[in-house]
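Could you walk me through how the helices in this protein pack together, and what the surroundings of a few chosen residues look like? A friendly tour in plain paragraphs would be perfect.

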Amino acid sequence: MLTIGESIKNARVAKGYTISDLARKAGITFQTLYKWETGKTYPNVFNLIPIADVLGVTLDELVGRTVKG
(Lines give C-alpha, C1' and ligand atoms only; values in the text may rest on other atoms or scores of the structure.)
Protein backbone atom coordinates (compact mmCIF):
# COMPACT_ATOMS: atom_id res chain seq x y z
CA MET A 1 0.00 0.00 0.00
CA LEU A 2 1.29 3.45 -0.93
CA THR A 3 1.72 6.22 1.59
CA ILE A 4 -0.27 9.42 1.12
CA GLY A 5 2.91 11.15 -0.01
CA GLU A 6 3.61 8.48 -2.62
CA SER A 7 0.03 8.70 -3.88
CA ILE A 8 0.27 12.47 -4.20
CA LYS A 9 3.57 12.17 -6.06
CA ASN A 10 2.27 9.48 -8.41
CA ALA A 11 -0.85 11.48 -9.25
CA ARG A 12 1.22 14.65 -9.68
CA VAL A 13 3.67 12.96 -12.04
CA ALA A 14 0.81 11.37 -14.00
CA LYS A 15 -0.58 14.88 -14.59
CA GLY A 16 2.84 16.13 -15.66
CA TYR A 17 3.12 18.63 -12.79
CA THR A 18 6.27 19.54 -10.95
CA ILE A 19 6.15 19.99 -7.19
CA SER A 20 6.17 23.73 -7.80
CA ASP A 21 3.24 23.49 -10.25
CA LEU A 22 1.06 21.51 -7.88
CA ALA A 23 1.97 23.59 -4.85
CA ARG A 24 1.08 26.81 -6.66
CA LYS A 25 -2.20 25.46 -8.06
CA ALA A 26 -3.25 24.04 -4.66
CA GLY A 27 -2.20 27.12 -2.69
CA ILE A 28 0.48 25.49 -0.57
CA THR A 29 4.22 25.97 -0.36
CA PHE A 30 6.79 23.93 -2.25
CA GLN A 31 8.43 22.97 1.04
CA THR A 32 5.17 21.68 2.51
CA LEU A 33 4.37 19.55 -0.53
CA TYR A 34 7.93 18.23 -0.65
CA LYS A 35 7.71 17.17 3.00
CA TRP A 36 4.42 15.37 2.36
CA GLU A 37 5.76 13.55 -0.69
CA THR A 38 8.89 12.43 1.15
CA GLY A 39 7.01 11.36 4.28
CA LYS A 40 8.67 13.90 6.56
CA THR A 41 5.23 15.28 7.51
CA TYR A 42 1.64 14.37 6.67
CA PRO A 43 -1.23 16.49 5.40
CA ASN A 44 -4.57 16.67 7.16
CA VAL A 45 -7.80 16.10 5.27
CA PHE A 46 -8.36 19.83 4.77
CA ASN A 47 -4.99 20.10 3.01
CA LEU A 48 -5.80 17.11 0.81
CA ILE A 49 -8.99 18.60 -0.65
CA PRO A 50 -7.28 21.20 -2.89
CA ILE A 51 -4.62 18.66 -3.86
CA ALA A 52 -7.28 16.16 -4.96
CA ASP A 53 -9.19 18.89 -6.80
CA VAL A 54 -6.13 20.04 -8.75
CA LEU A 55 -5.13 16.47 -9.58
CA GLY A 56 -8.66 15.45 -10.55
CA VAL A 57 -8.84 12.54 -8.12
CA THR A 58 -11.05 11.73 -5.16
CA LEU A 59 -9.83 11.81 -1.59
CA ASP A 60 -10.37 8.05 -1.48
CA GLU A 61 -8.06 7.58 -4.45
CA LEU A 62 -5.49 9.89 -2.96
CA VAL A 63 -5.32 8.01 0.34
CA GLY A 64 -5.60 4.57 -1.27
CA ARG A 65 -9.00 3.77 0.22
CA THR A 66 -11.31 1.38 -1.57
CA VAL A 67 -14.97 1.14 -0.67
CA LYS A 68 -16.29 -2.37 -0.25
CA GLY A 69 -19.82 -2.75 -1.48
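Let's start where two helices meet: Leu22, Lys25 and Ala26 of H2 are in contact with Pro50, Ile51, Val54 and Leu55 of H4. Sorted by class, this contact has six nonpolar residues, one charged residue and no polar ones. Keep in mind as you look around that the model is predicted.

How do the two helices lie relative to each other? Two packed helices are described by the angle between their axes and by the distance between those axes. Here, the axes of H2 (residues 19-26) and H4 (residues 45-55) come within 9 Å and cross at roughly 115 degrees. Angles of 65 to 115 degrees count as roughly perpendicular, and H2 and H4 are therefore roughly perpendicular to each other. The crossing of H2 and H4 is right-handed.

Now stay with H4 and look at its inward side. Leu48, Ile51, Ala52 and Leu55 are buried in this helix. Viewed down the axis of H4, these buried residues fall within an arc of 100 degrees, so they line one face of the helix. The spacing along the chain helps to make sense of this: an α-helix has 3.6 residues a turn, so residues three or four places apart point the same way. Which helices does the buried side of H4 pack against? The buried residues of H4 pack against H1, H2, helix H3 (30-37) and helix H5 (59-63). Turn H4 around, and the face pointing away from its buried side carries Phe46 and Asp53, which are exposed.

Next, have a look at Arg12, which sits in helix H1 (residues 4-15). Is Arg12 buried or exposed? Its relative accessibility is 7%, and buried means under 20%, so Arg12 counts as buried. Setting aside residues up to four places away in sequence, Arg12 touches Tyr17, Thr18, Ile19, Leu22, Glu37 and Leu55. Two of these names should be familiar from the meeting of H2 and H4: Leu22 belongs to H2 and Leu55 to H4.

For the last stop, move to the loop between H3 and H4, where you will find Lys40. Lys40 has a relative accessible area of 57% and is exposed. Once its neighbours within four places in sequence are left aside, Lys40 is in contact with Tyr34 and Lys35. If you would like a sense of scale, go from Lys40 to Lys68: the two are 28 residues apart in sequence, and their C-alpha atoms are 31 Å apart in space.

Notes
Residues numbered from 1 in each chain as written. Predicted model: local features only at pLDDT ≥ 70, side-chain atom pairs only at ≥ 80, totals over all residues. Heavy atoms only, no water. Axes fitted to C-alpha atoms, helices over the stretch in contact; angles between N-to-C directions. Helix = DSSP H or I, 4+ residues; strand = E, 2+ residues; numbered from the N terminus. Parallel < 35°, antiparallel > 145°, perpendicular 65-115°, else oblique. Left-handed = near helix turned anticlockwise from the far one by under 90°. Contact = heavy atoms within 4.5 Å. Nonpolar A, V, L, I, M, F, W, Y, C, P; charged D, E, K, R; others polar. Buried < 20%, exposed > 50% of the residue type's maximum accessible area, 1.4 Å probe, protein only. Arc of directions from axis to C-beta.
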